[in-house]
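Biologist: Thanks for sitting down with me over this protein. Could you walk me through it, one question at a time?

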Amino acid sequence: MKKNTIKKLLLITAIVIGFPAKAQQPDPPGQVSGNEKPKNEAYLFAHMTHNDYGRLYYSVSLDGLHWENLYGGKRVFEEYKGHPDICKGPDGKYYIAGNTGDDAKAINIWVSDDLITWKKHSDYTPDLKSTPDYSNALQRIGAPKLYYDKDSQKFIMTWHTPHLEGIKGDGERYWRSQRTLYVLSKDLKTFEGPPNRLFDWDMGTIDVFIRKVGDSYYAIIKDETYPTLYWTTGKTIRIAKSKSLLGPYSLPQQSISPNFREAPMLIPSPDDKIWYMYYEQYPGVSYGLSIADNLNGPWFQASGYTFFSDWDKYSLPEKVRHGCMITISKKEYDSLVKKFGK
């Protein structure tokens, strides 16, 4: 009886101090050890917040896992509005795309040498109804995103546009009618022709961005069909693949995230051998992180953003929302911290 009581006390003590939780969670792969110099030295997360939707805030990280607010959680560029997305061009300058709202006619682009001072670069007003095979497009532009393709020496800008309004009893038809459009540009001042649809398959997609890894292009998407027993991938993050920037892209792979996740962001680990895919559980509930050593998968989910230190293998400031993550140099990291402060 006395031995059983002691065992129970030890078990309760172990649970209270969290020993089992620490013991069963290995650290995420991709970090460097000792004095090894990371290939990816630092990271910037440009984002909005739950209480200030569509405005620009910065958080930074040295390991791609633990993020800290800059500027005391204040806006870093008052003029900006949109879903922040930053791309480094061939001239070494940074470009950020945004728009004042989904019903705005123009996409606005700014340029910066140092991620600190931004100046207006251009506005692009697409004729959405001139999109081939999409003349029923509504005047909506969602979450414009940029990628510079070294092979073609062109930027590709993607965004989502629906073709059906929501109706009483079926508000979701607006979202499942979203299609991803794109336009090409050499300099983000002049743009080639009308918008085009990125995918030749027909399903709702939003928040799409493109990356090239090896010989393949990957389109990271949010599947915007509502999840059901017969469409279990609805409202999840998925990836489609192509040998060409403009496709054709494969049908999306299986889900990387749980349902009701959006605004994916992809960064390479400090040792450049692992991929970290972040995504938001909306609306502003939490952030998830999936990890793989190959964009083709398989992916697993890390534990984090719980605000329980024993369980957090990654952490972000509270109430951060949609944005982008990019790699930056340690020098750029130091300059941002010096300018804005933590």
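**A buried tyrosine and its surroundings**

Biologist: Which strand holds Y279?

Modeller: Happy to help, and please keep in mind that this is a predicted model. Residues 275–281 make up one strand, and Y279 is found in that run. The strand is β16.

Biologist: Is Y279 buried or exposed?

Modeller: The relative accessible area of Y279 is 1%. A residue counts as buried when that value is under 20%. Y279 therefore belongs in the class called buried.

Biologist: Which residue has a side chain joined to that of Y279 by a polar contact?

Modeller: Let me start with another residue, S257, which is 22 residues from Y279 along the chain; their C-alpha atoms are separated by 7.7 Å. The polar contact of the Y279 side chain has a length of 2.6 Å. Its partner is the side chain of S290.

Biologist: Where is L295, and is it buried or exposed?

Modeller: L295 sits in the loop between β17 (286–292) and β18 (300–301). Its C-alpha atom is separated by 9.8 Å from that of Y276, 19 residues away along the chain. With the cut-off for burial at under 20%, the 2% relative accessibility of L295 means that this loop residue counts as buried.

**An open sheet**

Biologist: Which strands are at the edges of the sheet β8-β9-β10-β11?

Modeller: This open sheet has 4 strands in that order, with antiparallel pairing. An edge strand pairs on one side only, and that holds for two of them. They are β8 (142–149) and β11 (192–197).

Biologist: What is the average twist from one strand to the next there?

Modeller: The twist describes the turn from each strand of this sheet to the next. Its average is 25°.

Biologist: Which residue in β9 is the bridge partner of D149?

Modeller: β8 and β9 (residues 154–161) run antiparallel and are joined by 6 bridges. For D149, the bridge partner in β9 is K154.

**Pockets and cavities**

Biologist: Which residues lie nearest the centre of the largest pocket?

Modeller: This pocket has a volume of about 760 Å³, and 27 residues line it. β4 (85–88), β8, β12 (205–213), β15 (261–268) and β19 (320–328) each give two or more residues to that lining. By class, the lining has 15 nonpolar, 4 polar and 8 charged residues. Nearest the centre are K88, Y147, Y148, R211 and T327.

Biologist: How many charged residues line the second largest pocket?

Modeller: The second largest pocket has a volume of about 210 Å³. Of its 16 lining residues, W175, I206, E224, E262 and H322 are closest to the centre, and the elements giving two or more residues are β8, α3 (172–176) and β12. The lining divides into 5 nonpolar and 4 polar residues, while the charged ones number 7.

Biologist: What is the volume of the largest cavity?

Modeller: A search of the whole structure finds 3 cavities of 30 Å³ or more. Lining the largest are ten residues by name: D85, K145, F209, R211, P264, M265, L266, G323, C324 and M325. β12, β15 and β19 each supply at least two of its lining residues. The volume of this cavity is about 50 Å³.

Biologist: Which elements each supply at least two residues to the lining of the second largest cavity?

Modeller: This cavity holds about 40 Å³ of space. Its lining includes A143, K145, A263, P264, H322 and G323, and by class it has 4 nonpolar, 3 polar and 2 charged residues. The elements are β8, β15 and β19.

Methods: Residues are numbered from 1 along each chain as its sequence is written. This is a predicted model: local features need pLDDT of at least 70, side-chain atom pairs count only at pLDDT 80 or more; totals for chains, interfaces and linings use all residues. Side-chain values use heavy atoms; hydrogens and water are left out. Buried means under 20% relative accessible area, exposed over 50%, partly exposed in between (1.4 Å probe, protein chains only). A polar contact is a pair of N or O atoms within 3.5 Å; within protein, one must be able to donate a hydrogen and the other to accept it, and residues adjacent in sequence count only if both atoms are side-chain atoms. Two strands pair if DSSP finds at least two bridges between them. Axes are lines fitted to C-alpha atoms, for helices over the stretch in contact, and angles run from 0 to 180 degrees between N-to-C directions. On a 1 Å grid over the protein atoms alone, a cavity is a set of points where a 1.4 Å probe fits but cannot get out, and a pocket is an open set with protein on both sides within 12 Å along at least five of seven lines; lining residues have an atom within 4 Å of a point. Grid points are joined across faces, edges and corners, and a volume is the space filled by probe spheres set on the points. Ala, Val, Leu, Ile, Met, Phe, Trp, Tyr, Cys and Pro count as nonpolar, Asp, Glu, Lys and Arg as charged, and the others, Gly among them, as polar.
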